[in-house]
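Please read the following walk through the structure with the sequence and the model at hand. It moves from single elements to packing and then to loops.

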Amino acid sequence: MASSLTLPQTPSFPKPSPVSSSSSTSLFSRCPLKVKTFPSLNASRSWVPAQATIKSDMGEALNIENGKPIIPVLNERTLPKYLESARVEKVNRNGARLKLFSGSANPVLAQEVAWYMGLELGKVNIKRFADGEIYVQLQESVRGCDVFLLQPTCPPANENLMELLVMIDACRRASAKNITAVIPYFGYARADRKTQGRESIAAKLVANLITEAGANRVLACDLHSGQSMGYFDIPVDHVYGQPVILDYLASKTVSSSDLVVVSPDVGGVARARAFAKKLSDAPLAIVDKRRHGHNVAEVMNLIGDVKGKVAVMVDDMIDTAGTIAKGAALLHEEGAREVYACCTHAVFSPPAIERLSSGLFQEVIITNTIPVAEKNYFPQLTVLSVANLLGETIWRVHDDSSVSSIFQ
C-alpha cells in the first residue's frame, strides 16, 4: 500500500487583482488577497520623514485582516531593484534544456520560482510506501538536460533529506547532464564543528551524501556558517536573503539616526555588521549570552547603546526563538523603543510562536525558504518571498553568468 504525491505540471496561481491604482502586481504574493493599508505612521512612534531616511521603490506594505502575515507589494516591477541593477542583459532564456523539479518539502516556493522563470515545473511522482520508504519516478525525459531540484531539508529534516537524495539518484540514472540541488534551507548546518569531545560533524556528512548521490552543484540560501561550503567537494553557489529583507525595511522610511542593528549572539556579529552597513551604515549592538545546552540560552549583557532606538535583530534562523526572545527582553530593559526580528529561515519549533507573539517584537520578518503552517501565523509575522532571487540565480547558473554580481 503506498500513498503518492504527484506535483502539478503547471503553476496554479491565479493572477492577482489590483488592490489600488498604485499597486498592480505583487512580486511576492501570487494570489488575490483581501488587504488593507498597513499604517506607516503612529502617534507613539518616531518615524521621521527626514533627509537621512532609508528609502526604496517599494510600495506600501499590506496587512491581511484575519491575522495572517503581512505581504509586501511592489509597484509594477518585474524584478526588485537589487536584481535590476545587476541583471545580465544578454542571457539565453531558452529553457528547452533546463528542467526544474520540486520535492514535497516546499512546492509553493518551487511554483513561484517556476512562474518567475517562465517555466513549467517538471512532472515527478513521489510516493511513500506503508513502511515509510520513499519512491521517486521522473515522468518526463531529462537526458542531456540541466536539472535543478528544489528541496529544502526543513522539518521533518530526515524525510526531506532522504527525498532529495532519491531525487538526485533518479536524475543521475536518467542521464541528466548536470544536477543542481537547490536547497533554500540546509538542515544539519548547525553541526558544522566540534565544540565538545565525541561529537559528529553532521554538516560534512550530509554534504558527502548529496555529493555521492550524484549532484554536480549545490545552490544554498543563507548557510548557518560560510565554512559549510568547504564541506562540499562540488561547487556551491551561496545566495543571501538579506537584499529581500533590506528592501522591505527600506519601505518603512524610518530615520537612520534612530536605527541600531543587533546581533543576538557573538557568533552572528559578522552577519549583523554586513546588514548594518547596507542599512544606512547603522550602528551595531551585540547581545552576549552563555548557552548551557542545545536550544537553551541565557542572556548575560548588552554591548552597545539601544536607548530610545529602533532595534533590528538579525539572525540566519529562528528555531525555538529562545535566543532572540531573551535578547529582545534585554533590549527593552535597556530602553529600546521598538524591536524588530529579521531572519531568513523560520524553523519555528515549539514554543517559538508563543515567544514571538508575546509582545516583545513590533514585527517578525522572515522569508519563505521554509513553508510556514497556517497554524503558526500571528499578527506580527511578515513573510517575504525569495522566489525571484532563486529564479534569477538558477538562470545565471544555467547560463554560466555571474551570481555574485547580484549582491554588489
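Serine 280, just after helix 6, has a positive phi of about 55°. The model is a predicted one. Helix 6 itself covers residues 269-278, and its buried residues are Val269, Ala272, Phe275 and Ala276. Looking down the axis of helix 6, these buried residues fall within an arc of 125°, so they line one face of the helix. Ala270 and Lys277 are on the other side of helix 6, and they are exposed.

Helix 2 can be read in the same way. Its buried residues are Leu109, Ala110, Gln111, Glu112, Val113, Ala114, Tyr116 and Met117. That is eight of the eleven residues of helix 2, so this helix is largely enclosed by the rest of the structure. Buried here means under 20% relative accessible area. What covers these residues? The cover over the buried residues of helix 2 includes strand 4 (98-102), strand 7 and helix 9. Just after helix 2 comes glycine 118, whose phi is positive at about 75°.

Helix 9 deserves a closer look as a partner of helix 2. The axes of helix 2 (residues 107-117) and helix 9 (residues 387-398) come within 8 Å of each other and cross at roughly 55°. An angle between 35 and 65 degrees counts as oblique, and helix 2 and helix 9 are therefore oblique to each other. The crossing of helix 2 past helix 9 is right-handed. On the helix 2 side, the contact is made by Leu109, Glu112, Val113, Tyr116 and Met117. On the helix 9 side, Ala387, Asn388, Leu390, Gly391, Glu392, Ile394 and Trp395 take part. Sorted by class, the contact of helix 2 with helix 9 has eight nonpolar, two polar and two charged residues. Each of the five helix 2 residues in this contact, Leu109, Glu112, Val113, Tyr116 and Met117, also belongs to the buried set of helix 2.

A second helix pair is formed by helix 3 (residues 157-173) and helix 4 (residues 202-213), whose axes come within 8 Å and cross at roughly 25°. Angles under 35 degrees count as roughly parallel, and that makes helix 3 roughly parallel to helix 4. In helix 3, the residues that meet helix 4 are Leu161, Leu164, Leu165, Ile168, Asp169 and Arg172. They face Val206, Leu209, Ile210 and Ala213 in helix 4. By class, the contact of helix 3 with helix 4 divides into eight nonpolar, no polar and two charged residues.

The loop ahead of helix 3 has a feature of its own. The peptide bond from proline 155 to proline 156 is cis, with omega near -5°. Proline 156 lies in the loop between strand 7 (146-150) and helix 3. Another cis peptide bond joins proline 350 and proline 351, where omega is about 0°. Proline 351 is in the loop between strand 15 (338-346) and helix 8 (352-356).

The loop between strand 15 and helix 8 also holds phenylalanine 348. Phenylalanine 348 has a positive phi of about 55° although it is not a glycine. With a relative accessible area of 7%, phenylalanine 348 is buried. Alanine 321, also not a glycine, has a positive phi near 70°. It is found in the loop between strand 14 and helix 7 (322-333). At 4% relative accessibility, alanine 321 counts as buried.

Is the next loop residue, lysine 307, buried or exposed? Lysine 307 is exposed, with a relative accessible area of 65%. It lies in the loop between strand 13 (296-303) and strand 14 (310-318). Leaving aside neighbours within four places in sequence, lysine 307 is in contact with Glu334, Gly335 and Ala336. Lysine 307 and glutamate 334 are 27 residues apart in sequence, and their C-alpha atoms are 6.0 Å apart in space.

Last comes the chain as a whole. It has nine helices and 17 strands. Of its 408 residues, 54% count as buried. Among contacts between residues at least 6 apart in sequence, 68% join residues at least 24 apart.

Methods: Residues numbered from 1 in each chain as written. Predicted model: local features only at pLDDT ≥ 70, side-chain atom pairs only at ≥ 80, totals over all residues. Heavy atoms only, no water. Buried < 20%, exposed > 50% of the residue type's maximum accessible area, 1.4 Å probe, protein only. Helix = DSSP H or I, 4+ residues; strand = E, 2+ residues; numbered from the N terminus. Arc of directions from axis to C-beta. Axes fitted to C-alpha atoms, helices over the stretch in contact; angles between N-to-C directions. Parallel < 35°, antiparallel > 145°, perpendicular 65-115°, else oblique. Left-handed = near helix turned anticlockwise from the far one by under 90°. Contact = heavy atoms within 4.5 Å. Nonpolar A, V, L, I, M, F, W, Y, C, P; charged D, E, K, R; others polar.
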